[in-house]
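Work through the exercises below with the sequence and the model in view. Try each task before reading its solution.

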Amino acid sequence: ALRKVDQNILGGANVQKTLGAVCEAIVEMGYRLCWVGLAEPDYAVRIAAVRGVAEESFAKLVIRWDDTPQSLGPSGIVIKTGQCFISGNLLEDDRFAPWRDQVIEYGLRSVVSLPLKSMEGKVYGVLHV
């Protein structure tokens, strides 16, 4: 699975294709869902890649990194702090209240979210598994 990621990077694939390959490799390892959100200047989190569920169902989610309720989940926390986020029980974690229906629909129970940083250390996105 990781060979696909290496091939994309070595082949000079665009960022979108590479992020998709990363997510695909992680799902092939047995994880239920993997997705990447990118921090936009208007404080929206743009879904750049998703594997494990249909992209269409993910496209309707409102995820932000400002000070609204939609920014209290892992994307907002990771983008604002630059730190990893871990939750072992999404159904009981109040930070997931805006997305509770999707957590149940997708059969998710836990998450680890990792910051994606530029060479200068600026957080530009989040990888969620």
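**Exercise 1.** In what order do the five strands form the open sheet, and is the pairing parallel or antiparallel?

Solution. This is a predicted model, in which local features need pLDDT of at least 70 and side-chain atom pairs count only at pLDDT 80 or more, while totals for chains, interfaces and linings use all residues. Residues are numbered from 1 along each chain as its sequence is written, and side-chain values use heavy atoms, without hydrogens and water.

Step 1: strands (E, at least two residues) and helices (H or I, at least four) are DSSP runs, numbered from the N terminus. Two strands pair if DSSP finds at least two bridges between them.

Step 2: the order is E2-E1-E5-E4-E3, with antiparallel pairing.

Step 3: E2 (45-51) and E3 (85-87) are at the edges with a single partner strand each, so one side of each has no neighbour in the sheet.

**Exercise 2.** State how many bridges join E1 to E2 and how many join E3 to E4.

Solution. Step 1: E1 and E2 are joined by six bridges. Gly37 has Ile47 in E2 as its bridge partner. The hairpin of these strands has five residues between them, and there Tyr43 takes a positive phi near 75 degrees.

Step 2: E3 and E4 (residues 111-117) are joined by three bridges. Ile86 stands opposite Val112 in E4.

**Exercise 3.** Which strands does helix H4 touch?

Solution. Step 1: contact means heavy atoms within 4.5 Å. H4 (residues 74-81) packs on the sheet and touches E1, E2, E3, E4 and E5.

Step 2: axes are lines fitted to C-alpha atoms, for helices over the stretch in contact, and angles run from 0 to 180 degrees between N-to-C directions. The direction of H4 makes about 140 degrees with that of E5.

**Exercise 4.** Describe the largest pocket and its lining.

Solution. Step 1: on a 1 Å grid over the protein atoms alone, a pocket is an open set of points where a 1.4 Å probe fits, with protein on both sides within 12 Å along at least five of seven lines; lining residues have an atom within 4 Å of a point.

Step 2: the volume, the space filled by probe spheres set on the points, is about 440 Å³. Among the 25 lining residues, Leu33, Trp35, Leu90, Leu108 and Val111 are the closest to the centre.

Step 3: helix H5 (100-106) gives the most to the lining, with three residues.
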